[in-house]
Structure formats: structure tokens, C-alpha cells
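The following note is offered to a colleague who has not met this structure before. Its points are numbered so that each may be checked against the model in turn.

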Amino acid sequence: MRSSKPKVLHELAGKTFLNRVMDAVGQLQPETMALVVRFQGDRVAEAAYRYNPSVVVVKQDDIPGTGRAVQCALGELNDSIGSHGTVLVVASDMPLLDAQTLQGLVDYHFAHGDSATVLTTSLMDPTGYGRIIRDQDGQVLRIVEQKDATGTELEVHEVNTSVYLFNASVLTTAIAGLNNDNVQGEFYLTDALEAARELGRVGAYSAPDALCVEGVNDRVQLARLARAHNKRICEHWMRQGVTILDPETTWIEDDVQLERDSVILPGCFLQGSTTVAEEAVIGPYTTLINATVEQAAHVERSRVEESTIGARATIGPWTYLRPGNELGEDTKAGAFVEMKKAQIGKATKVPHLSYIGDTHIGTHTNVGGGTITANYDGVRKHRTEIGSEVHIGAGNLFVAPVRVGDTVTTGAGAVIRHAVPDDAMVYSENTQHTVEHWKPSAEREESTEQDSH
């Protein structure tokens, strides 16, 4: 990946490769889940514990290879695995591996009574993958890594996905006899299949969906896989009744939920646990992160993080809602508005060029353009309380903590430092001074020079 970050901690559609694979394996409800780590092992282990606190982390020593990884795991887990169980071995760089595919492998393994079963797929371009070599009867003979393959073997299109199922007793015996007599000088887990073949039948289960078992080795592959996955997500939602005007420029992560008759316009990124209700319109060019958009709301050219947008509310363009906002029904956050931890009541409008932070505003209030809630005193954040049916003049400054009552009117340019009771009018006196026939200093100096000549 040409990265300072371990490959398995790179992300696809909002989740790391490791998170996705652990989720897929976890759905099979294994008695024990172990993660073998090596490069930046502590960093990978820390992430794994967040995804599943009960995972067993096994550190691989300096001896390279997938076979060595399994040897290390079996050495540590021998008591919990026993000799009668079944061991699933999965690589963590297949971000689209799903539980359905793994369950199909398990079912095939037990149905055929195999001692070991490998998950395979067929690719038009198998470059980089180990090839599945079968005998005349179609039985798996061995898996040959590309760098060790002959010309004839390289023509095989059925490839190894690095997912295996072993009877525990067979795996224990097969793994003990591995060596590194190969071009890479590694202990290959694939060699264990040849040993397993001597102890019983080795089966091969072909994954129904090649995309689910595709690995990622560089960022080019990651981008290609992400686009293919995103295309499927968009198609899924369109078939559920969502309008996505341009799937090529719309990116939707796995946990996003969209209701029918919602509309996603071009250039949108819907991330995390975002939900969009019926008839809501998102975009164009909008990012939603863990946001809730209720029925018939419209969010245009804006960024919304961890906030709730009420029914029929309008957001944008060029609006930034930082985490913690709750905008009620029929509200508005207009052009170039920024909000953070703001609760905006029904039908209240914040039309443009304002910052509203740590603030509660009641219903049917209108906030004049250029209004600022000054919530930070250099040490702590303070709240501003503004009532209902308030008319706020342009360019107001609210110095928190401060409370403004209901049906208050404020003058343009007012600085509100103290509490304002209900039904009041408040303004800041500011005497206007006019200097007639005034010129900038540069023009005055130029005029003086001309007069001197």
C-alpha cells in the first residue's frame, strides 16, 4: 500500500478491512476468534479489540509466511481448539468478504466430508494469485503461488482466495511439516493442503461472487474495488425506490439507510449511520456523516455531521453543521451558516452568514444575517438561549452566557451582553459620524504634492 498504516487498517466504504472481515467471521459465531499480527502488531491489535473485545491476539515471530502465522496461532490456541473442531482461516485483506460466502464454504465442507476445503474463484486476470491445480478427476492437488508457477500453471484462471477450512486434527498434522523451500523463502499455508490431501479429501468451494473474495494489495486495487462495491450499493437503493441521479458521483457507505422517494443528486457522500427519509432531497455536492434527514428536507451543497434535520427543513448552500445540532420542522440554515450544538425550534430561520454555537433558539424566530453567538471565553464554552418569535436584526453579537426572552426585537448591529426580558426591544447605541469630502491618505498626499508644484 506504500503506507505507514498497516494494510488491514485501510478503509473501504467507511470501515477498515480488518473490521469488515472480523464482522463476517463473527456472524458464523465461532467459539474462538484469533487474530495473528506481525507488522505494527500492537496497532492492529488495538483496532481488533475495538471491533471485538473477546478476540485472541497472536503475535507472529520473525519467520515469514501464512503457514507460520497459522503455526503460531495453533501453538497458542491448541487447548481451546482441540483435535475435533474445525478451523476457518481467513486473510484480512478481503474487505468485501461476507458471512454468506463463508457459510457456503462451511456447508460445502461438511456436506462433502472433506478434511480440508479451500475457497476459490475464477478470474479473467488471475495475476498475483495462487493457482488451483487439480488432478484429472477434478480433485485439488495443490496451490501454486504465481512466482513458483510454471508457464502451464500460470494459464489456470481458478485462484486461491486465502480462505480455508480444516479439520483441526488434519491442520495440526499438516502444519507441523511445513518448510520454506520456495522462491519467497516463506512458510506457505497452501503447502498444508498437500499434506492434508494425504490425510483425506481436499475440496474446493467456488465463491458465487468473485467481488466478495477479491484481495487488495495496492491503492489502485482498492479504488477499483470501492467503485465496484459502491455501484452495487447505489443499484440496491435505486431498486428500493430511491432516485440517484448520477451513481458515478454518488458514494454511499454500507450502514446508510434511505427511504423510498428520497432523491440523491450528483456529487454526494453519505457516510456512517446516516438516514434519509421519504421525499428528502440531498445535494448536489453534499456530505452527510452520521446525520438524520427527515421527510421532505433539502440539504444542498453542505456538510452535515452528527446532526438531525427536521421535516421540510432547508439547509445550504455552503452550510456547515458540526456535530450536535437539532433543527426542527420547517427550519432553515441558509448560505454560509455554521452551527455547532445548536437546537433550532420549529419554523425558525437562520438565513445566511451566521455562526450559531452552543445555542437554543425557540420557534418562529428569524435570525438576521451576520449574527454571531460568541460562546467561548478562552477557557469554557457557554450557552445562548433565545426565545420564540424573536426578530434578530442583522449583524448581532450575542455574548454568552446570555438569555433573550420571547417576542423580542433586536436592532441591527446590537451587542447582547445581558439578559433581555420577554416583549422587549434591545439595541446598542452607536453614533454615526460623517466626514464630508474625505479622501484616503494616499490621495491627500498626492494632492499636496501637486499643490506644491
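1. Leaving out residues up to four places away in sequence, V163 touches L88, V89, V90, M94, L97, L102, L105, T117, V118 and L119. The residue belongs to strand 9. Is V163 buried or exposed? With a relative accessible area of 0%, V163 is buried, because the limit for that class is under 20%. V163 and D23 are 140 residues apart in sequence, and their C-alpha atoms are 15 Å apart in space. The reader should keep in mind throughout that this is a predicted model.

2. Two of the residues touched by V163, L102 and L105, are also among the buried residues of helix 4. Helix 4 covers residues 99-112, 14 residues in all, and spans 20 Å from its first C-alpha to its last, close to the 20 Å expected at 1.5 Å a residue. Its buried residues are A99, T101, L102, G104, L105, V106, Y108 and H109. Against which elements do the buried residues of helix 4 pack? The partners are helix 1 (17-26), strand 5 (86-90), strand 6 (116-122), strand 9 (158-167) and strand 10 (202-206). Just after the helix, G113 has a positive phi of about 65°.

3. The largest nonpolar core should be examined next. It has 46 residues, and those with the most contacts inside it are I252, L258, L270, I282, L288, I309 and M339. Helix 8 (219-239), strand 27 (338-344), strand 29 (355-361) and strand 35 (402-404) are the elements that give two or more residues to this core. Apart from it lies another core, of 28 residues, with M33, A45, V106 and Y205 among them. V106 is also one of the buried residues of helix 4.

4. I282 merits a separate look. Beyond its neighbours within four places in sequence, I282 is in contact with V263, I264, L265, C268, L270, V276, L288, V293 and V299. Of these, L270 and L288 are named, with I282 itself, among the residues with the most contacts inside the largest core.

5. Two cis peptide bonds deserve inspection. The bond from G283 to P284 is cis, with omega near 5°, and P284 is placed in the loop between strand 17 (281-282) and strand 18 (287-289). The bond from A400 to P401 is likewise cis, with omega near 0°; P401 lies in the loop between strand 34 (397-399) and strand 35. For context, most peptide bonds are trans.

6. Positive phi values in residues other than glycine should also be noted. Most residues of that kind have a negative phi. R2 has a phi near 55° and is found in the segment before strand 1 (11-12). R2 is exposed, with a relative accessible area of 87%. T407 has a phi near 45° and sits in the loop between strand 35 and strand 36 (409-410). At 32% relative accessibility, T407 counts as partly exposed.

7. How many salt bridges does a search of the whole structure find? The search finds 22. One of them joins the side chains of D42 and K59, at 3.2 Å from N to O. This pair links distant parts of the chain, with D42 in helix 2 (residues 41-51) and K59 in strand 4 (residues 56-59), 17 residues apart. D42 is exposed at 56% relative accessibility, and K59 is exposed at 56% as well.

8. R197 and D135 form a further salt bridge, with the closest N and O atoms 3.0 Å apart. Here too distant parts of the chain are linked: R197 is in helix 7 (residues 191-199), while D135 is in the loop between strand 7 (131-134) and strand 8 (140-144), 62 residues apart. R197 counts as partly exposed, at 35% relative accessibility.

9. In the salt bridge between R383 and E385, the closest N and O atoms are 3.8 Å apart. R383 is partly exposed at 34% relative accessibility, and E385 is partly exposed at 30%. Elsewhere, R312, E329 and D330 are linked in a network of salt bridges.

10. Finally, the surface carries a nonpolar patch formed by W318, F336 and L353, with about 360 Å² of accessible area together. F336 is found in the loop between strand 26 (332-335) and strand 27. Strand 27 is also one of the elements that give two or more residues to the largest core.

Definitions and conventions: Residues are numbered from 1 along each chain as its sequence is written. This is a predicted model: local features need pLDDT of at least 70, side-chain atom pairs count only at pLDDT 80 or more; totals for chains, interfaces and linings use all residues. Side-chain values use heavy atoms; hydrogens and water are left out. A nonpolar core is a set of buried Ala, Val, Leu, Ile, Met, Phe, Trp, Tyr and Cys residues joined through side-chain atoms within 4.5 Å. Buried means under 20% relative accessible area, exposed over 50%, partly exposed in between (1.4 Å probe, protein chains only). Helices (H or I, at least four residues) and strands (E, at least two) are DSSP runs, numbered from the N terminus. Contact means heavy atoms within 4.5 Å. Patches are made of residues with over 30% relative accessible area and no salt bridge: like charges are joined within 9 Å, nonpolar side chains (Val, Leu, Ile, Met, Phe, Trp, Tyr) within 5 Å. Accessible areas come from the Shrake-Rupley method with a 1.4 Å probe; for residues, only the protein chains shown count as cover. A salt bridge is a side-chain nitrogen of Lys or Arg within 4 Å of a carboxyl oxygen of Asp or Glu. The expected span of a helix is 1.5 Å times one less than its number of residues.
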